[in-house]
Amino acid sequence: MTFDEIRRLDQAYHMSTYGRQQVAFVRGDGAILWDTDGKEYLDFLGGIAVMSVGHSHPRVVEAVRAQAGTLTHVSNLFYTEPQARLAQRLHDLLGWGKVFFANSGAEANECAMKLARKWATAARGEPCAGVVAAMGSFHGRTLSTLAATGQPHKHEAFRPLPDWFTHVPLNDEVALDAAVTDATCAVLLEPVQGEGGVREASAEYLRVARKICDERGALLIFDEVQTGLGRTGRWFAFQHHDIAPDVITLAKALGGGLPIGACIARDDVAAAFEPGDHATTFGGGPVPCAAALAVLDVIEEEGLVERSRAMGAYLVERLRAALAGGALVAEVRGVGLLVAVELTEQRSADVVRACLERRLIVNNVTPSAVRLAPPLVVSREQIDHAVEILAEAIGT
Ligand SMILES: Cc1ncc(COP(=O)(O)O)c(C=O)c1O
């Protein structure tokens, strides 16, 4: 189909919930995508931090093909080997925990919040539902993960939302201390806010959050849906600091493009769930689990966590050098290969469009910030090329 034909169908039959760019892609390989006209693009967004091992990695393709041809779905009323092996693998990566598989990041967070509520209510002997989250955070689009999301403009059209959330400024220990009460079952934080514009929680803030949770019997949940599995130059972003959460959520990169999310909790916390407490028809199906096992193999064997650290440092250094002195550039910040260019004006959408015209894919994560989250397999030459295009698009 041509681009015009695809767009016509989409506009006639798909709900218009997305502000789409005017491109349809048909093929991908590594950090490269091709559109309907065969034009080649450098993908520095990676399906929004999903395609860490690159598009169509042969190991993932083969794992999906083999599993789909063997067993696709049986429901969670039965055991399957890919699910059991993936649960063990995630446990081994973290060194602790039991896993529940969902289909997305939002669902992984739903699971984490239900678990926290059940665990804390049992521990205290009275209903305990409060969740404290950070302003600027993003946790999903279901009603409760939307309510958890600290971006009020996203709430407007959907009030009333679940009201058990309190939002505090990121990196304000005093505000956090005041917000966590006897009615709080969890503090939910992204170690680096992704959709908030690549904003890091400080080591001190995370340390204080850990201490407050320990003292008050609340769970510390890290939403690593975007930052997990090497994106920030560690397997998990919390590993940049000397603290660990009680519960961690993952999705995005885990399935290499197939839908899967995971909520992993300390064993004693996980024990709060009993059969019937939580479930999903598709979560942890054989095909996404087989894909995820292949993704983890590739990350390990190709040293992509270390590569993310090295290439992320290179990307930030090159961006700072190329964009220095530009009137439109306020700051370049990043952790591993999760990077943002903060502009002095609310013009990130213009910059993204100018990049796309030059066949570089990035996104306007906030009105003033351009986000880069390329596949972790990205090369130095691709980084050099992307920086050149971005500098031209920004006009420096
Ligand atoms: C930190 C974080 N949590 C949760 C989500 C929601 O994930 P999903 O879109 O898979 O539901 C996202 C998506 O961008 C995210 O970045």
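Here's a short tour of one histidine and two cavities in this predicted model.

**Stop one: His241**

Start by selecting His241, which sits in the loop joining strand E10 (219–223) to strand E11 (247–250). Is His241 buried or exposed? With a relative accessible area of 19%, His241 counts as buried, because the cut-off for that label is under 20%. Now bring up Ala201, Ala203 and Leu206: these are the residues His241 is in contact with, once you set aside its neighbours within four places in sequence.

**Stop two: the largest cavity**

Next, the empty spaces. How many cavities of 30 Å³ or more does the structure hold? There are two. For the largest cavity, select Ser75, Asn76, Gln83, Gly284 and Gly285, the lining residues that lie nearest its centre. In total, 13 residues line this cavity, and its volume is about 60 Å³. Colour the lining by class and you'll get nine polar residues and four nonpolar ones, with no charged residues.

**Stop three: the second largest cavity**

Now move to the second largest cavity, with a volume of about 40 Å³. To see its lining, begin with Ala49, then add Glu224, Val225, Gln226, Gly228, Leu229 and Arg231. Finish the selection with Leu250, Ala251, Lys252 and Ala253. What does the lining of this second largest cavity have by class? Six residues are nonpolar, two are polar and three are charged. Glu224, Arg231 and Lys252 are among the lining residues, so those are the charged ones to pick out, as Glu, Arg and Lys count as charged.

Definitions and conventions:
Residues numbered from 1 in each chain as written. Predicted model: local features only at pLDDT ≥ 70, side-chain atom pairs only at ≥ 80, totals over all residues. Heavy atoms only, no water. Helix = DSSP H or I, 4+ residues; strand = E, 2+ residues; numbered from the N terminus. Buried < 20%, exposed > 50% of the residue type's maximum accessible area, 1.4 Å probe, protein only. Contact = heavy atoms within 4.5 Å. 1 Å grid on protein atoms, 1.4 Å probe; cavity = no way out; pocket = protein on both sides within 12 Å on 5 of 7 lines; lining within 4 Å. Points joined across faces, edges and corners; volume = space filled by probe spheres on them.
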